[in-house]
Amino acid sequence: MALSGIQIYKMLPQTNCKECGFPTCLAFAMKLAAKQVELSACPYVTEANKAQLAESSAPPIRLVTLTGAAGEVKAGNEVCLFRHEKTFYNKPGLFIRVKSAAGVAEADSYKVNYVGMDFSVDGFAVEADSPAAMTETVKAVRGATKRPLILLSKNPDILAAGLAALPGEKPLLCGADASNWEKVAELAKTAGAPLAVSADTIDSLADLTEKIKAKGVEDLVLDPQATHLGKSLALGTQIRRLALKNNRAVGFPLIAFPCNAADELIAASQAISKYAGFVVLSEFKPELLYALLVLRENIYTDPQKPIQVQPGIYEINSPRPESPVLITTNFSITYFAVANEVEGSGLPAWLVVTDAEGMSVLTAWAAGKFDAERIAKAIKTFNVADKVSKKRVVLPGHVAVLSGELEAELPDWEIRVGPREAVDLPAFMKTALN
Amino acid sequence: MPIEIPKDKWNGKVRTINLGATAAEGGTRAKVITVGGETSMPYLHFEAPTPNTPLIAVEIKSRKPTDWSPLLAEAWGEAMNNPAAWAKAAEAAGAEMLILWLTLEDTPADAVSAVKAVLAASGLPLAVFGPGQAEKDNDLMVAVAEAAKGERLLLGICEDKNYRTIVATAMANGHLVNARTPMDVNLAKQLNILITDMGLPADRIIMDPTVGALGYGIEYGYSVMERLRLAALQGDSMTQFPMLVTVGFEAWKAKESKVGEGVPASWGKWEARAINWEITTATALIESGASIVVLRHPESVKRVKAAISELMTA
Ligand code: B12
Ligand code: SF4
């Protein structure tokens with residue numbers, strides 16, 4: 001249970017010695033309750049109270065980290081059921097399920113850019129029928145990728161073989177169930193590797209995690225084995241709710257297997273928005289992966305802060321003084337929609353990105369953050385006139401209404417209205433801007 | 001010891017809304033379809049039953065669109081030339097409702113004849129949306145509402161700029177309105193208040209929160225819809241309306257769906273990617289509370305329908 005500031009205060013020495021950097025024990029207790037300081041800052045807490053306080057300050061969903069030959073994937077530490085309540089923090093890792101190293105190198109080098117960010121596959125889930133096959137496959141896969149791995153088997157000997165082939169790494173062992181948990185937990189403990197636990201009811205999951213924790217394995221992942229979308233939504237929601245209410249038996253990230261679903265895309269989309277920490281896909285398919293990577297980014301952006309780019313003047317395709325000046329806003333999606341079009345066309349341009357507080361063209365216009373005054377100010381502060389020989393700016397077609405006011409603000413400039421959508425910009429630049 | 005599953009107990013309920021009228025109610029639809037009635041967050045059957053299955057509506061246009069992705073033109077073929085043929089094709093593809101979207105070129109007479117043709121071609125409940133310019137929408141919608149009196153059409157797009165005319169004609173002719181606001185809980189609520197204040201019964205409003213496509217602002221629509229549903233369950237009467245989302249319109253605007261050439265190879269195969277874009281947008285929004293999801297591609301209709309039937313299973 002999370003404790004209140006007052007409850008924590010009662011467990012502190014109450015001497016106000018100030019060594020923690022706070023004037024009173026109560027002030028320190030309040031900060032602890034808000035999770036803004038570490039308990040270790042107070043040297044005088046009794047051992048008994050320390051254990052109890054540590055338990056209460058642990059995050060409701062344990063942070064679990066998989067470590068590969070290079071890189072890691074983290075899941076957990078989430079604090080809410082709905083993203084608008086705060087935000088979702090650790091993006092679920094997307095793993096491709098493989099039985100051999102075929103295609104791994106290609107999937108490993110996959111990279112896709114979305115609004116200026118590069119995304120890729122997070123790792124691979126390796127499957128094999130025998131210890132020897134696991135050893136061989138893991139070695140071959142390791143030759144093609146350094147990313148974190150998941151080892152898929154219920155057979156402890158097969159998992160042990162995979163682990164042995166990955167010295168120094170912490171792959172996810174997937175995993176334990178009611179029949180094999182003692183042996184698998186032992187493996188996980190020795191290797192310090194995280195362990196996924198499968199069962200088809202929450203009661204049996206909790207029962208297993210309690211038993212495994214008692215053996216000293218703390219980094220667990222839950223596999224609730226849902227058979228269809230209605231069930232996975234219910235189980236995901238129930239487990240997240242229980243965890244947020246500090247039920248420690250299920251306070252772990254989830255793993256989902258859309259690779260087994262009737263419609264992999266739909267099952268994986270649900271897993272991303274409804275609480276999975278690790279998502280296992282059946283194969284490497286860019287058209288599926290790209291959609292999922294974008295969904296994941298969208299669901300995991302902080303709802304308080306739209307993704308923005310720095311206002312300023314951006315040079316596209318080495319513009320010269322006679323190149324056109326295009327105006328847009330600093331909402332990332334807007335900026336990249338325009339920049340990518342112009343860049344792809346090979347035509348040079350100056351792109352003036354105004355400070356519209358991270359809003360799209362029409363949103364900013366409707367909110368009064370993208371008007372003639374702001375545009376004129378941007379033209380002046382970024383010294384656009386010094387860079388160009390032709391004083392001419394192109395407005396987004398959606399804000400054609402601004403052209404009159406902008407003429408008044410920038411009397412010696414020619415104001416042109418461009419197309420509404422960025423896709424049509426190259427054609428417009430070729431035909432209308434000569 | 002068995003774990004007790006925490007269940008939310010809400011006192012609010014989304015209104016139940018009937019779309020379409022059969023001969024018995026003064027229309028010509030084959031049957032009445034009901035949406036809404038939820039008393040929990042979407043599809044949490046352990047908490048409360050989901051009384052009505054969300055509907056898949058297919059968008060058809062009064063004239064063959066010139067700016068749609070070639071993939072859509074390929075999928076619908078000849079049917080796109082004629083709204084009645086398109087309506088039949090959409091029904092055959094699994095549509096449970098139709099949305100006839102009018103264009104700026106339509107005169108009121110054109111609009112009326114397109115609506116009549118669609119009503120004659122298909123017995124599904126019908127929504128008719130104007131092109132989205134307040135004055136034009138008013139002209140077209142008044143003509144359509146009068147010509148289809150008693151059908152319980154869903155008329156749109158009813159926004160703060162033009163709700164008066166559309167609500168008045170819906171009231172006079174026995175239709176429903178699609179109340180659209182730009183992604184904001186308070187604006188949605190306010191428009192619903194204005195509409196009910198005019199005297200339109202609350203069981204004739206569908207709320208349209210405006211959504212963005214995957215990659216183009218889906219997260220805003222997703223969260224506003226979750227917040228609207230939560231407000232409804234908490235008992236806020238002016239948010240207790242089923243929601244319609246224009247997924248096809250948004251998703252097929254995205255470059256990822258529209259364009260096949262000159263895009264990064266990492267986007268994958270065009271057709272599969274385009275359909276994935278529509279489906280991902282649709283399923284995320286269904287899980288955040290949509291009751292009517294408007295789609296464009298027949299393959300999306302099939303796959304989203306299968307997903308809905310899984311979601312409806314406890
Ligand atoms: C997401 C969204 C929001 C998000 C904000 C997202 C953000 N960071 O900007 C939220 C929910 C916060 C929001 C809020 C509001 N919104 Co809003 N919102 C949208 C929505 C759904 C999508 C906008 C978007 O992201 N588009 C994608 C980007 C890439 O488009 P874009 O910036 O226009 O860029 C394109 C083109 O303009 C062009 N382009 C861009 N730059 C350039 C430059 C040149 C030279 C050229 C040629 C072309 C070009 O290329 C791009 C791609 O084609 C639209 C409706 C819709 N579906 O389009 C409404 C919309 C823009 N919003 C609207 C309104 C009214 C508002 C609010 C005022 C309402 C309110 N809640 O109070 C607020 C204002 C914000 C505030 N007060 O803080 C209205 C604007 C109406 C109007 N015509 O004036 C719209 C159109 C909805 C509607 N139909 O009513 N909104
Ligand atoms: S260090 Fe410990 S005892 Fe001293 S003031 Fe801080 S909390 Fe109190």
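## Around ligand 1

Let's start with ligand 1, which has 35 residues around it; Thr328(A), Thr334(A), Ser360(A), Trp365(A) and Glu421(A) are the closest. Keep in mind that this is a predicted model. The surrounding residues come from chains A and B, so the two chains share this site. Sort the shell by class and you get 23 nonpolar, seven polar and five charged residues.

Which parts of chain A help build the shell? Strands β14 (325–329) and β16 (392–395) each supply at least two residues, and so do helices α12 (332–345) and α13 (361–366). The top contributor is α13(A), with five residues.

## Polar contacts with ligand 1

Now zoom in on some individual atoms. Glu421(A), one of the closest residues, has a polar side-chain atom 2.6 Å from an oxygen atom of the ligand. Gly358(A) uses its backbone instead: an N or O atom there sits 2.9 Å from a nitrogen atom of ligand 1.

Chain B joins in through Asp184(B), where a side-chain N or O atom is 3.2 Å from a nitrogen atom of ligand 1.

## Around ligand 2

The shell of ligand 2 includes Cys17(A), Cys20(A), Cys25(A) and Cys42(A), along with Pro13(A), Pro43(A) and Phe28(A). Lys18(A) and Glu19(A) are there too, as are Thr15(A) and Asn16(A). By class, that makes seven nonpolar, two polar and two charged residues.

## Salt bridges

How many salt bridges turn up in the whole structure? Counting over all chains, there are 34. One of them joins the side chains of Asp207(A) and Lys211(A), with 3.5 Å from N to O. Both residues belong to helix α8 (residues 202–214) of chain A and are four residues apart, about one turn of the helix. Asp207(A) is partly exposed, because its relative accessibility is 40%, and Lys211(A) is also partly exposed, at 33%.

Another salt bridge pairs Glu226(B) with Lys274(A), at 3.1 Å from N to O. This pair crosses between chains: Glu226(B) is in helix α7 (residues 218–233) of chain B, while Lys274(A) is in the loop between α10 (264–273) and β12 (276–281) of chain A. Are these two buried or exposed? Glu226(B) has a relative accessible area of just 2%, so it counts as buried. Lys274(A) is buried as well, at 10%.

Then there's Arg374(A) with Glu357(A), 3.5 Å apart from N to O. Arg374(A) is in helix α14 (residues 372–381) and Glu357(A) is in the loop between β15 (349–354) and α13, so their salt bridge ties together parts 17 residues apart in sequence. Finally, Arg241(A), Asp8(B) and Glu47(B) form a linked network of salt bridges.

Note on methods. Residues numbered from 1 in each chain as written. Chains lettered and ligands numbered in written order. Predicted model: local features only at pLDDT ≥ 70, side-chain atom pairs only at ≥ 80, totals over all residues. Heavy atoms only, no water. Near = heavy atom within 4 Å. Polar contact = N/O pair within 3.5 Å; in protein donor to acceptor, adjacent residues only side chain to side chain. Nonpolar A, V, L, I, M, F, W, Y, C, P; charged D, E, K, R; others polar. Salt bridge = Lys/Arg side-chain N within 4 Å of Asp/Glu carboxyl O. Buried < 20%, exposed > 50% of the residue type's maximum accessible area, 1.4 Å probe, protein only.
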